[in-house]
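Hello,

Please find the structure below. My notes come right after it.

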Amino acid sequence: MTHFGASDPEYTEIWMPGEIVEFATYTGPGNGFSKMFQIPFGFWRINVSMTAVTKPESSQLTWVLVDGETGDILTGNQQRYGEPVKKTIQRSGEKFYFIVSAQDVNQYTFSLETTKAQYGDALIQPAVRRLTGFLNAA
């Protein structure tokens with residue numbers, strides 16, 4: 001796990017403008033756990049932002065991404081207002097969930113993103129498997 005308090009580097013070779021697909025969001029005010037979810041992409045990222053209207057000077061959002069099978073913390077962050085964070089994940093097919101603690105935060109948004117290439121590959125894989133199975137059945 002990387003240290004809390006910093007985004008991962010923005011690799012423009014991978015995360016090219018216009019080539020990023022947001023495939024899910026998790027929003028809220030409040031603390032707690034998300035539902036379990038699975039990601040079919042080889043790599044993806046979490047883009048976290050928040051708004052704090054009432055007390056921006058004391059707002060803090062702490063979150064972790066947890067492996068749903070083992071309970072291991074994979075990544076996370078502790079951020080203040082005005083500090084958007086992006087974390088890249090290189091795991092797929094597993095179950096994950098978020099644990100979130102929000103202090104003086106009006107709204108937070110976790111945008112789950114991948115590249116157009118990863119997104120297209122994941123969409124085409126079931127069709128390719130069906131076609132391959134059909135061709136190999138003869």
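Here is what I found, starting with how to read the model.

This is a predicted model, in which local features need pLDDT of at least 70, side-chain atom pairs count only at pLDDT 80 or more, and totals for chains, interfaces and linings use all residues. Residues are numbered from 1 along each chain as its sequence is written, and side-chain values use heavy atoms, with hydrogens and water left out.

Overall make-up. The protein has 9 strands and 1 helix. Both are DSSP runs, numbered from the N terminus (helices: H or I, at least four residues; strands: E, at least two). The order along the sequence is β-β-β-β-β-β-β-β-β-α.

The sheet. Strands 1-9-4-7, in that order, form an open sheet of 4 strands with antiparallel pairing. Two strands pair if DSSP finds at least two bridges between them. Strand 1 (20–28) and strand 7 (85–89) are the edge strands, each pairing on one side only. From one strand to the next, the twist averages 20 degrees (axes are lines fitted to C-alpha atoms; angles run from 0 to 180 degrees between N-to-C directions).

One pair in detail. Strand 4 (residues 44–51) runs antiparallel to strand 7, joined by 5 bridges. V48 sits opposite V85 of strand 7.

Burial and surface. The protein has 138 residues, and 33% of them count as buried, meaning under 20% relative accessible area with a 1.4 Å probe, protein chains only. The exposed area is about 8,200 Å², with 54% supplied by carbon and sulfur atoms. Areas come from the Shrake-Rupley method with a 1.4 Å probe.

Contacts. Take contacts (heavy atoms within 4.5 Å) between residues at least 6 apart in sequence: 80% join residues at least 24 apart.

Best wishes

Methods. Buried means under 20% relative accessible area, exposed over 50%, partly exposed in between (1.4 Å probe, protein chains only).
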